[in-house]
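New to this one? Have a look around first, and then we can talk it through.

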Amino acid sequence: MAIARQVLCLSAFLSLPLAGAEPIRYSIAEEAESGSVVGKLAEDAGLTPAELSARRARLVSEDGRQHFRLERDSGRLVVAGRLDREELCGQASTCMLPLELLLANPLQFFRVEVALDDINDHSPVFPEERVIFDIPETSEPGSRFPLEAAQDLDIGSNSIQVYSIFPENEHFSVSYGIRDEDDPYLELVLEKALDREEQAEMSFSVIAVDEGSPPRSGTTQVQIVILDANDNAPVFTQERYIGKVLENMPEGSVVLTVLATDQDAGVNGDISYQLSQAVGQSDSAFVIDPISGEIKLTKSLDFENSVRHEFRVKARDGGGLSAICKVLVEVLDVNDNAPELVVSSFSSPLPENTVPGTVVALFSVRDRDSGANGQISCALEDQLFFSLRPAYKNYYELVTVSALDREETAQHILSVTAADAGSPPLTSTQTFTVDISDVNDNAPVFNQTSYTMYVRENNVPTVFVGAVSAADADVGLNAKVTYSLAPVQAAERPWCSCISVNSENGHVFVLRPLDYERLRQTEVTVSASDAGSPPLRANVTVRLVVLDENDNAPLVLYPGQDGSPASSELVPVSAEAGYLITKVVAVDADSGQNSWLSYHLLRATEPGLFTVGVQSGEVRLRRPVTDRDTVKQKLVVLVRDNGKPPLSATAALSALLLKDFSDVRLPHSSPATEDQGDSLTTYLIISLVFVSLLFLVSTAAFVARKVCKRKELEAGHVLYGADNLQSGLADAATAGTLPRAYCYEISLTTGSGNSEFKFLRPILPSLPPEHCATGQEPDEGQDFPCVPASTEDMAADNGGTLSAGQFNGLSFN
């Protein structure tokens with residue numbers, strides 16, 4: 001609506017006659033603050049402020065934007081908003097903002113023009129912050145290189161006025177100006193010739209400064225890269241090169257190296273070398289590396305043909321400039337003819353029993369040189385078995401000087417060196433390889449001084465237990481070893497026929513099952529023999545150790561388990577926890593951990609009343625006896641060894657819980673009518689009398705048994721106190737589970753519940769170790785089998801002591 005109203009007003013304005021010939025003009029600096037006074041418009045138009053209000057005065061602009069406003073109360077024209085000359089008028093030399101003052105009643109207008117004056121509010125700006133020029137060093141002074149001129153949005157004196165270089169540069173200056181049609185230009189002018197070899201690059205800044213107040217400036221960085229020109233020819237480090245070379249230098253050897261330098265860069269500084277052949281020289285013995293300048297030999301030189309070689313080398317850069325130097329190579333004479341060895345005869349192989357002084361080889365030596373270079377001497381490297389011996393003229397013999405041993409050295413490599421007397425001397429070497437043939441002079445040698453092999457008892461027949469191995473230092477048939485069992489001399493003890501050895505590989509086998517309880521170990525002698533003529537042999541002892549298997553169950557010695565009624569142990573009801581009731585005694589014919597016995601309570605009338613020592617077998621009260629406990633208690637103790645799998649046995653025993661030891665009845669006649677009111681004093685007296693009587697009876701029995709035992713030993717018989725124990729031990733001895741008879745000594749004391757007995761040494765004489773070592777059966781009439789000495793301690797390992805209460809109904813010898 002506002003735009004439509006302005007269009008209508010403008011149309012009405014255009015239809016009016018001109019109010020005046022000249023517009024009202026004002027000027028103001030750009031960027032003036034809002035409200036700044038432009039001029040007294042009402043006064044300049046011949047109007048009063050009251051008329052402005054009465055005639056509804058207002059400002060109209062062509063573009064519709066209100067840059068100014070009219071103050072009706074004062075009649076002044078003021079700035080309505082920010083005025084940017086560069087935004088409104090660009091680079092125009094003048095910036096005029098036209099507007100009209102429109103009045104009504106009657107309709108009248110005045111033309112107003114406001115000129116915006118430029119201020120220096122913009123700095124010069126170059127199009128690029130950094131400019132790089134590649135300028136050949138051959139550029140002539142006065143050469144010009146255009147730059148993009150800086151731009152300044154301001155005009156007049158606020159625009160660009162002058163350019164400068166910082167820091168000052170003697171090679172360049174800056175030229176600037178305006179060409180036709182107001183076209184500014186900016187150029188770098190080369191003031192002094194460039195030299196890349198002196199300075200390859202340079203950089204400086206071009207600064208543009210306007211003449212505003214204060215002045216503003218802009219900067220661009222200029223980098224000059226000087227391009228090389230081929231203005232320097234190669235230069236050799238020497239005008240004449242002299243080299244010396246031996247005539248025997250091999251092909252490809254470096255004689256000398258020429259070097260040329262060029263101050264140019266790039267292709268212009270790349271130097272290549274080439275030989276310049278002398279007139280009349282076609283086949284040169286030299287070649288030059290075009291890059292490194294190394295002069296090498298293409299063939300061997302001969303001092304006798306030419307003493308000196310002369311040629312020229314040309315160095316050429318990539319731009320076509322070149323330089324030439326002279327090269328002189330002197331050939332030095334050397335002793336280039338080595339001695340020669342000619343073999344007339346040679347014998348190999350040699351038997352190792354060859355006698356010293358035997359001729360192995362005959363050869364001659366010669367040298368094509370003359371004089372000192374032709375004088376030859378021969379030498380043999382350090383040898384203990386061979387030496388050189390002159391024959392006649394220039395002939396030599398190679399002979400043995402000591403006995404040979406093929407096992408120490410099977411092959412001798414002999415080097416004979418012939419050297420002339422030249423300087424330096426030349427040598428030739430002839431190698432003689434002498435093989436030594438074998439004779440049977442070494443017996444087999446076992447890899448061990450003796451062998452110990454192990455087999456578990458009850459083995460399967462023909463089980464492999466190990467192997468013997470012998471080596472023979474000889475070769476062929478002389479080193480082929482066979483094995484056998486050496487025959488046993490009559491004076492030696494007989495050997496076990498249960499061992500066999502494989503004749504080819506030395507494997508040792510056990511032919512039949514063995515019993516550890518009868519045979520602990522045995523020894524045989526194995527012989528190793530080679531196939532030489534005559535054969536040589538060696539012997540070694542093989543010891544076979546039998547390892548125990550858990551094939552014997554524990555044997556319960558006490559209490560007796562022969563089927564007769566077991567005696568009952570008496571336990572006072574007043575006994576405290578830990579009271580020793582009895583002790584289970586058992587042995588195991590095995591050894592090691594297979595004979596380690598442990599005791600466990602298997603069953604009991606009152607399981608919570610008793611406890612069994614795992615290692616000792618002692619049966620004790622776990623808790624005090626109560627009135628609720630049954631008078632007769634039955635227990636089953638399990639005795640188990642530590643084998644894998646473990647074997648076990650059981651021992652059954654019973655115990656009577658009594659208040660009075662004098663009232664011992666059978667289980668069915670328990671004291672139902674016993675007086676419960678007896679005093680503690682009565683029980684103590686009865687117990688003391690009972691213990692005293694038991695001690696006297698036991699002592700008498702012990703003394704009587706001692707006397708009987710002596711008589712029985714003198715008669716060659718062994719008696720046992722209890723029929724059950726006697727039959728059990730006899731069965732064990734027959735079955736091989738109880739190795740020998742044992743004697744037990746009883747030691748009883750009064751006033752203590754810890755009466756003990758201990759095992760003594762076996763009463764049987766030990767058999768000779770030969771029977772046990774070889775597995776020989778006992779002689780006819782001998783009653784006892786071979787047993788290990790360690791079995792003596794089996795019983796002691798199972799507790800060592802027993803209480804007196806364990807011997808009711810049983811006596812020991």
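Here are some questions and answers about a loop residue, some ring pairs and a sheet.

This is a predicted model, where local features need pLDDT of at least 70 and side-chain atom pairs count only at pLDDT 80 or more, while totals for chains, interfaces and linings use all residues. Residues are numbered from 1 along each chain as its sequence is written, and side-chain values use heavy atoms, with hydrogens and water left out.

Q: Is Asn 550 buried or exposed?
A: Buried means under 20% relative accessible area, exposed means over 50%, and partly exposed is in between (1.4 Å probe, protein chains only). Asn 550 has a relative accessible area of 12%, so the label is buried.

Q: Which residue offers a backbone oxygen to the side chain of Asn 550?
A: Asn 550 lies in the loop between strand E40 (537-547) and strand E41 (555-558); strands (E, at least two residues) are DSSP runs, numbered from the N terminus. Its side chain makes a polar contact with the side chain of Asp 641 at 3.1 Å. Such a contact is a pair of N or O atoms within 3.5 Å; within protein, one must be able to donate a hydrogen and the other to accept it, and residues adjacent in sequence count only if both atoms are side-chain atoms. The backbone oxygen that the Asn 550 side chain reaches, at 2.9 Å, belongs to Pro 645.

Q: How many aromatic pairs are there?
A: Rings of Phe, Tyr and Trp (its six-membered ring) pair if their centres lie within 6.5 Å; planes under 30 degrees apart are stacked, over 60 edge-to-face, and the rest tilted. By this rule, the count is 15.

Q: What kind of pair do Phe 286 and Phe 311 form?
A: Phe 286 and Phe 311 are both buried. Their rings sit 5.2 Å apart, centre to centre, with 35° between the planes, and the pair is tilted.

Q: Which strand holds Phe 432, the partner of Phe 346?
A: The ring centres of Phe 346 and Phe 432 are 5.4 Å apart and the planes are at 45°, so this pair is tilted. Phe 346 is in strand E24 (residues 340-346), and 86 residues separate it from Phe 432, which is in strand E31 (residues 427-437).

Q: What is the strand order in the open sheet of four strands?
A: Strands pair if DSSP finds at least two bridges between them. The edge strands, each pairing on one side only, are E1 (24-29) and E3 (58-61). With mixed pairing, the order is E1-E7-E6-E3.
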